[in-house]
Amino acid sequence: MQPLSLYNTLSRQKESFEPISAPNVGLYVCGPTVYNYVHLGNLRTFLTFDNLFRYLTFIGYKVRYVRNITDVGHLVGDGDEGEDKIGRMAKLEQIEPMEIVQRYTNDFHDVLLQFNMRPPSIEPTATGHMIEQIEAVKLLIDKGLAYESNGSVYFDIEQYNKNGGDYGKLSGRILDDLLNETRELDGQSEKRNPLDFALWKNASPEHLMRWPSPWGIGFPGWHLECTCMSTKYLGTQFDIHGGGMDLKFPHHECEIAQGNGLNDRAPVRYWMHSNMLTVNGQKMSKSLGNSFLPSQLFAGDHPLLDQAYSPMTVRFFMLQSHYRSTLDFSNDALKAAQKGYKRLVNGYRLIKSMTYLADEGVEVDLKQGEEIAKYKQALFDAMNDDLNTAVTIGHLFSLLKKVNQLDTRQVSMGQLGEEAFNQLKTTFIQFFEEVLGLQEEITRDQSAMVGGMLDLYREYKTQRLYDKVDQVRTYFKSQGLVIRDMKHRIDWAYEE
């Protein structure tokens, strides 16, 4: 089996994954700024790293997954000037900022649960780590890498680079070009250099979220929060830092500078970034009217949607594309994903219900076992190649053919042999559930109802009450299900 390799944004190439302290792995992912409902672009990022978390755990690593909640310091426009996103929303609604934080944190958790994403090991908040942030600012000032100006504290990029830093390395931006691009903005006159970024900001009288500090009443800089939370729980250097591609610059670039400045070492070994979502080929944005919330997807309640799509359909759709490639939302693509997901979940139901029964007088066909072993190897190889879930799903469909051949008795269990059958069953279920994080969406109550209706179907068929048989079939179709009436058994499946 080939070793796990991951694309490192810092080196711009795939690298063999070698943790600092195997089998332990430290993973940090930038979480949401909880001032509004979580959108689909965010979800792709969190799905990418849910998938990474799942796979690392699946292959035997002990992962500490830290994903923060940004509940202060993220300003409108992502820069050093303007209102706090959460404070602004609190003023609009005339409620406490922490009410905004709680509401949208709850929504974030609810949505991720619907998509079957695993919770992180630790979910720290920026407001819960104010002491660590103030101490970090003090240390950077002591080391000559930060300076106070009018009650705010800024990171000194020029001094950092003089000390051997390389600001711009992650994003590939050249410092001179950045300086030329930078325009004079309000408030920048207090900076030595227009590229210097805020570690601590002086709070104006109308600013709602404020804390005492050695430099006056203020609030922490957005970039500093992640540096302090990641190093507190994962150490001064850890394995993987993830986020969306939009965070490469300036957020992650600033994190590298802060980490190096505080601890004299690169804070992260592997930087990973997921790509953006588009809708019908256009960038997703509220101004274009082409962004939609998960709840709108599930209800089909948006002018751009032809129908509703379930959480697992959307999860499957996102997994069909490599995390570093642009993913385009369209009704055609989602409908195709819905069909593919239903095909897989039908196979999942079938293999879960199968138990090995030897066929007397049937010889084991070794080629069948070799074929299953080959597909299993291919599944691992695809995931080990920078989490290529698109190729993984393709190989899972190859295994599905074998499941369907068993179901239709084109291949008997005796031909497979017990070892190959168990390998088929275990591999299919594990990759469907644990690695890809897919699940069947029918509830226990719904399953009991469907089972009862199927019993009625069998009874009506035995009694030759064909009008009743047709009524049951119609009911199943209305639920997006079909009855599979085969020679050796009667069962149901999801309509593909």
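Reader: Let's start with the empty space inside. Which helix gives the largest share of the lining of the largest cavity?
Author: Helix 1 does, with four residues of that lining. Before we go on, keep in mind that this is a predicted model.

Reader: Fair enough. How does anyone spot a hole in a set of atoms, and how many cavities of 30 Å³ or more turn up in the whole structure?
Author: The general idea is that a probe the size of a water molecule is rolled over the atoms, and this shows where empty space is left. Here, searching the whole structure turns up four cavities of 30 Å³ or more.

Reader: How much space lies in the largest cavity?
Author: The largest cavity holds about 90 Å³.

Reader: And which residues line the largest cavity?
Author: Have a look at Arg44, Leu47, Thr48 and Asn51, then at Met318, Leu319, Ser321 and Tyr323, and finish with Leu387 and Thr389. Two helices each put in at least two residues: helix 1, spanning 40-58, and helix 10, spanning 311-319.

Reader: What does the lining of the largest cavity look like by class?
Author: Sorted by class, you get five nonpolar, four polar and one charged residues around the largest cavity.

Reader: Now the runner-up. How much space lies in the second largest cavity, and which residues line it?
Author: The second largest cavity has about 70 Å³ of space. Its lining is Gly73, Leu75, Asp78, Gly79, Asp80, Ala198, Lys201, Phe219, Pro220, Gly221, Trp222 and His223. Two or more of these residues come from each of strand 7 (198-202), strand 8 (218-220) and helix 7 (222-234). By class, the second cavity's lining splits into five nonpolar, four polar and three charged residues.

Reader: On to helix packing. At roughly what angle do the axes of helix 1 and helix 12 cross?
Author: The trick is to look at the two axes and at the angle where they pass. For helix 1 and helix 12 (residues 366-384), the axes come within 12 Å and cross at roughly 130°. Helix 1 and helix 12 are therefore oblique to each other. Their crossing is left-handed. On the helix 1 side, Asn51, Tyr55 and Phe58 make the contact, while helix 12 brings Phe380, Met383 and Asn384. That contact between helix 1 and helix 12 has four nonpolar and two polar residues, with no charged ones.

Reader: Which residues of helix 1 meet helix 15?
Author: Asn51, Arg54, Tyr55 and Phe58 of helix 1 meet Gln430, Phe431, Glu433, Glu434 and Val435 of helix 15. This contact divides into four nonpolar, two polar and three charged residues. As for geometry, the axes of helix 1 and helix 15 (residues 418-435) come within 9 Å and cross at roughly 135°, so helix 1 and helix 15 are oblique to each other.

Reader: How about helix 11 and helix 13: at roughly what angle do their axes cross?
Author: The axes of helix 11 (residues 331-353) and helix 13 (residues 389-407) cross at roughly 50° and come within 10 Å. That angle makes helix 11 oblique to helix 13. The crossing of helix 11 with helix 13 is left-handed. Helix 11 contributes Gly340, Arg343, Leu344, Gly347, Leu350 and Ile351, and helix 13 contributes Leu396, Phe397, Leu400, Val403, Asn404 and Asp407. Count the contact by class and you have seven nonpolar, three polar and two charged residues.

Reader: Last topic, the backbone. Which residue does a cis peptide bond join to Pro23, and where is Pro23 placed?
Author: For a peptide bond, omega is the angle to read. Ala22 and Pro23 are joined by a cis peptide bond with omega about 5°. Pro23 sits in the loop between strand 2 (13-16) and strand 3 (24-29). Another cis bond links Phe249 and Pro250, with omega about 5°, and Pro250 is in helix 8 (residues 248-263).

Reader: And what is phi of Asn280?
Author: Phi of Asn280 is near 50°, a positive value in a residue other than glycine. You'll find Asn280 in the loop between strand 11 (277-279) and strand 12 (282-283).

Methods: Residues numbered from 1 in each chain as written. Predicted model: local features only at pLDDT ≥ 70, side-chain atom pairs only at ≥ 80, totals over all residues. Heavy atoms only, no water. 1 Å grid on protein atoms, 1.4 Å probe; cavity = no way out; pocket = protein on both sides within 12 Å on 5 of 7 lines; lining within 4 Å. Points joined across faces, edges and corners; volume = space filled by probe spheres on them. Nonpolar A, V, L, I, M, F, W, Y, C, P; charged D, E, K, R; others polar. Axes fitted to C-alpha atoms, helices over the stretch in contact; angles between N-to-C directions. Parallel < 35°, antiparallel > 145°, perpendicular 65-115°, else oblique. Left-handed = near helix turned anticlockwise from the far one by under 90°. Contact = heavy atoms within 4.5 Å.
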